[in-house]
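Me: I am new to this structure and would like to learn how to read its features. Could you walk me through them, starting with one pair of residues in a sheet?

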Amino acid sequence: MSQHLTELLSGLSAIEATLLVVLVSVVGAFVMEAVVLRLLFQYTRRTETGLDNIVVQELRWPIVVTVSLTGVYLFAQTPAVADALVVSSEDLNTFFGRPSVSVGIIVWAWALNRLVNRLVEAVKDKGSRFDFAPVFSNIWTLLVSIGTIGALLFLWGIEITPLFAGAGIAGIAVGFAAKDTVANFFGGIALYFDDTYKIGDYVVLDSGEAGTVVKVGIRSTTLLTRDELLVTVPNSVLNAAKIINESAPNRRRRVKVPIGVAYGTDIDEFEELLVDIALDEPLVLDSPRPRARFRQFGPDALEYELLCWVNSPLKRAKATHNINRTMYKRLNDADIGIPFPQRDVHVYSSSGAPTPPQSATAEATNGGVARNRDTHFDEADVEDDTYDDLVDDDVGDE
């Protein structure tokens with residue numbers, strides 16, 4: 001293409017080439033800025049979406065700069081200019097042609113990167129499918145950077161094949177050194193395609209951490225706990241962990257409040273009271289309707305469970321607190337007993353009759369003294385019958 005352009009411009013003199021530069025650069029840039037772009041701005045203001053405004057704003061300067069640099073590039077391709085400056089066409093291209101193209105490449109790379117980043121910021125809060133958009137924004141920045149460097153090296157005639165070979169060796173080394181970073185990168189992509197969670201979801205990890213997802217990055221995900229602490233979890237860990245998303249498929253969550261009631265209670269009246277307590281709680285939803293369930297006959301009480309719903313997992317603890325308080329007051333007012341375990345301990349003597357605690361303590365003390373007696377047999381123990389009993393007891397214990 002450059003060769004055909006050179007042949008086309010070969011008939012121009014140096015003065016004509018200079019005029020062509022001014023015409024293309026100055027007039028072309030003015031027309032693009034004052035006419036074309038202005039019409040585009042007027043059109044995008046009438047549309048419902050704001051994304052087209054972002055596109056036109058970010059592409060405005062690259063278009064103007066490109067038109068301006070086109071004149072400089074044409075100037076470098078004109079043979080008459082090289083003759084007038086007494087330089088070779090290659091030198092003229094080196095000082096004017098390639099730098100102008102290089103500036104154009106950098107300007108477009110910068111503009112395209114800003115364009116994607118602004119589009120991501122605009123759409124990331126418009127639905128669950130855009131929640132992982134920041135991850136692709138980072139990927140796009142990386143790809144644009146690599147593409148820009150590759151294009152500049154190719155433009156200036158730098159052989160990139162050895163660089164690929166070196167990059168392969170360096171990639172292996174970096175892969176081993178940064179394997180966790182690579183694992184986090186692909187873990188984030190896997191989480192996106194699995195649609196595991198999105199920003200604003202309340203998640204619980206199998207390691208015990210729980211919180212609201214506030215940021216999803218290329219390396220990690222940040223959770224905000226109920227204690228207002230930020231917990232950063234690597235994406236590779238999340239990809240391998242068991243995650244409970246309490247905000248999906250919807251944010252409504254069921255609350256289970258266990259309660260025991262004494263045997264002999266009118267269970268119909270008790271169940272109606274539980275449902276009324278739940279309906280009177282502002283945090284509890286009317287639909288699905290709260291209900292009481294008789295779970296089992298416990299050792300100390302009839303074990304019930306009050307089931308109701310709240311519109312967010314973050315309100316579950318508060319609703320449980322309010323229901324427990326109201327339940328305790330209302331059951332006391334209705335004279336309905338809430339049983340609790342009670343145990344009676346009876347101490348028996350060797351004769352089988354109950355022994356008061358004082359006697360049991362004294363007997364245990366005396367037994368301890370008897371055990372600590374001197375068991376050495378001497379002449380004083382010949383007539384003592386208790387010595388034989390003591391020895392028999394010790395042997396039996398062994």
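Reply: Happy to. This is a predicted model. Let us begin with K215, which stands opposite T222 in β3. K215 belongs to β2 (residues 210–216), and β2 and β3 run antiparallel, joined by four bridges.

Me: How many residues does the hairpin between β2 and β3 pass through?

Reply: That hairpin joins β2 to β3 through three residues.

Me: What is the order of the strands in the whole sheet?

Reply: A useful general idea comes before the order: in a regular strand the side chains alternate between the two faces of the sheet. Here, five strands make an open sheet with antiparallel pairing, and the order is β4-β3-β2-β1-β5. The edges are taken by β4 (230–234) and β5 (243–245); each has a single partner strand, so one side of each is left without a neighbour in the sheet. On average, neighbouring strands are turned by 40° against each other, direction ignored.

Me: Which residues face each other between β1 and β2?

Reply: Y202 stands opposite T212 in β2, and the bridge partner of V203 in β2 is G211. Strand β1 covers residues 202–205, and three bridges join β1 to β2 in an antiparallel arrangement. These two strands also form a hairpin, with four residues between them.

Me: And on the other side, how many bridges join β3 to β4?

Reply: There are five bridges between β3 (residues 220–224) and β4, which run antiparallel. One opposite pair is T221 with V233 in β4.

Me: How should I read the backbone angles in the turns?

Reply: The general rule is that most residues other than glycine have a negative phi, and most peptide bonds are trans. In the turn between β1 and β2, G208 has a positive phi of about 110°. E228 is a residue other than glycine with a positive phi, near 60°. E228 lies in the loop between β3 and β4, a hairpin with five residues between the strands.

Me: Which peptide bonds are cis?

Reply: Two to look at are these. The bond from A248 to P249 is cis, with omega near 0°, and P249 sits in the loop between β5 and β6. The bond from S287 to P288 is also cis, again with omega near 0°; P288 is found in the loop between α10 and β7.

Me: Those loops mention β6 and β7. Why is one side of each left without a neighbour in the sheet?

Reply: Start with the order. Three strands form an open sheet as β6-β8-β7, with antiparallel pairing. β6 (253–261) and β7 (291–297) stand at the edges, each with a single partner strand, so one side of each has no neighbour in the sheet. The twist from one strand to the next averages 25°.

Me: How many bridges hold β6 and β8 in their pairing?

Reply: β6 pairs with β8 (residues 302–310) in the antiparallel sense over nine bridges. Within that pairing, R253 stands opposite V310 in β8.

Me: Which helices go with this sheet?

Reply: Helix α10 (residues 267–280) packs on the sheet and touches β6, β7 and β8; its direction makes about 25° with that of β8. Helix α11 (residues 316–333) lies across β6 and β8, running at about 25° to β6.

Me: Let us move to the pockets. How is empty space found, and which residues line the second largest pocket?

Reply: Rolling a probe the size of a water molecule over the atoms shows where empty space is left. The second largest pocket has a volume of about 180 Å³. Its lining is made of T66, L69, T70, Y73, S100, V101, G104, I105 and W108. The elements giving two or more residues to this lining are α3 (51–76) and α5 (89–123), and α5 gives the most, with five residues. By type, the lining divides into five nonpolar, four polar and no charged residues.

Me: Finally, which residues does UniProt list as "transmembrane region"?

Reply: The unreviewed UniProt entry lists residues 20–41, 61–82, 94–112 and 132–154 under that term. In the model, the span 94–112 is 100% helix and 0% strand, and its end C-alpha atoms lie 26 Å apart.

Technical notes
Residues numbered from 1 in each chain as written. Predicted model: local features only at pLDDT ≥ 70, side-chain atom pairs only at ≥ 80, totals over all residues. Heavy atoms only, no water. UniProt positions renumbered as here; feature names shortened; annotations may be inferred. Pairing = 2+ DSSP bridges. Axes fitted to C-alpha atoms, helices over the stretch in contact; angles between N-to-C directions. 1 Å grid on protein atoms, 1.4 Å probe; cavity = no way out; pocket = protein on both sides within 12 Å on 5 of 7 lines; lining within 4 Å. Points joined across faces, edges and corners; volume = space filled by probe spheres on them. Nonpolar A, V, L, I, M, F, W, Y, C, P; charged D, E, K, R; others polar. Contact = heavy atoms within 4.5 Å.
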